[in-house]
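Work through the exercises below with the sequence and coordinates open. Try each task before reading its solution.

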Amino acid sequence: IRDRVRINVRSTFKGYYSHLYRMAVVGRANERQLSWYEKARDIHYRAFDRLRPGARVCDLYHAARKDMQDSGVSFKGSLVGHSTGIALHENPRIQPLDETVLVPGMVIATEPLVVDPDYCHYHLEDIVLVTEKDPVLLSDRTDTQGLFVIH
């Protein structure tokens, strides 16, 4: 069995929302699954690294889309991230027409979603704090370097 699993975890803490996505495979992953996961993960990591003060979210959207195109992956959805807080999805939303500029203190969920040709979604989502310097990963309890395996 080599079914892929997309896991979404949502939570609230003192009235603030958070959520994340992780990917897993039941049984041993095949080469295609590993390859597509690595592409999605690398695109996700680049999107995370761009969450810096002064960046316009529409530019972040276009950069993520270019990463997807350069990696030869299909894209799904109208955004590649959003703020989160007292609502699960808040503005700014990382989409083509939002010209909001990131400032320190913003909390952004980054989630570029890619689709391989057999319609499997590869989806990682993390919560990130924009700081004066480097972005800080707030959803750091699980390692996303490799695809989770469910035995």
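**Exercise 1: a strand residue**

Asn-8 counts as partly exposed because its relative accessibility is 27%; the classes are buried under 20% relative accessible area, exposed over 50% and partly exposed in between, with a 1.4 Å probe and protein chains only. This is a predicted model: local features need pLDDT of at least 70, side-chain atom pairs count only at pLDDT 80 or more, and totals for chains, interfaces and linings use all residues. Residues are numbered from 1 along each chain as its sequence is written, and side-chain values use heavy atoms, with hydrogens and water left out.

Task: place Asn-8 and list its partners.

Solution.
1. Asn-8 sits in strand β1. Strands (E, at least two residues) and helices (H or I, at least four) are DSSP runs, numbered from the N terminus.
2. Set aside neighbours within four places in sequence. Asn-8 is then in contact with His-19, Leu-20 and Tyr-21. Contact means heavy atoms within 4.5 Å.
3. Now take polar contacts: pairs of N or O atoms within 3.5 Å, where within protein one must be able to donate a hydrogen and the other to accept it, and residues adjacent in sequence count only if both atoms are side-chain atoms. The Asn-8 side chain makes one with the side chain of Tyr-21 at 3.0 Å. Another goes to the side chain of Arg-10 at 3.3 Å.

**Exercise 2: backbone geometry**

Task: find what is notable in the backbone at Lys-14 and between Asn-91 and Pro-92.

Solution.
1. Lys-14 is not a glycine, yet its phi is positive, about 50 degrees.
2. Lys-14 lies in the loop between β1 (4-13) and β2 (16-26). With 71% relative accessibility, Lys-14 is exposed.
3. The peptide bond from Asn-91 to Pro-92 is cis, and omega is near 5 degrees. Pro-92 belongs to strand β5 (residues 90-93).

**Exercise 3: the sheet**

Task: give the strand order and name the edges.

Solution.
1. The order is β5-β4-β6-β9-β10, an open sheet of five strands with antiparallel pairing. Two strands pair if DSSP finds at least two bridges between them.
2. β5 and β10 (136-137) are the edge strands; each pairs on one side only.
3. Check one pair. β4 (residues 81-83) and β6 (residues 107-110) are antiparallel over three bridges. Ser-83 has Ile-108 in β6 as its bridge partner.

**Exercise 4: the helix**

Task: which strands does α1 lie across, and which residues of α1 are buried?

Solution.
1. α1 (residues 31-49) lies across β6, β9 (126-129) and β10, and runs at about 160 degrees to β6. Axes are lines fitted to C-alpha atoms, for helices over the stretch in contact; angles run from 0 to 180 degrees between N-to-C directions.
2. The buried set is Gln-33, Trp-36, Tyr-37, Ala-40, Arg-41, Ile-43, His-44, Ala-47 and Phe-48.
3. Those buried residues line one face of α1, because they fall within an arc of 165 degrees seen down its axis. The arc is that of the directions from the helix axis to the C-beta atoms.
4. At the start of α1, a side-chain oxygen of Asn-30 comes to within 3.1 Å of the backbone nitrogen of Arg-32.

**Exercise 5: a loop residue**

Task: is Thr-131 buried or exposed, and what does its side chain reach?

Solution.
1. Thr-131 is in the loop between β9 and β10.
2. Its relative accessible area is 19%, so Thr-131 is buried.
3. The Thr-131 side chain reaches the backbone oxygen of Asp-134 at 2.5 Å.
4. Leaving aside neighbours within four places in sequence, Thr-131 is in contact with Pro-53, Pro-104 and Val-136.
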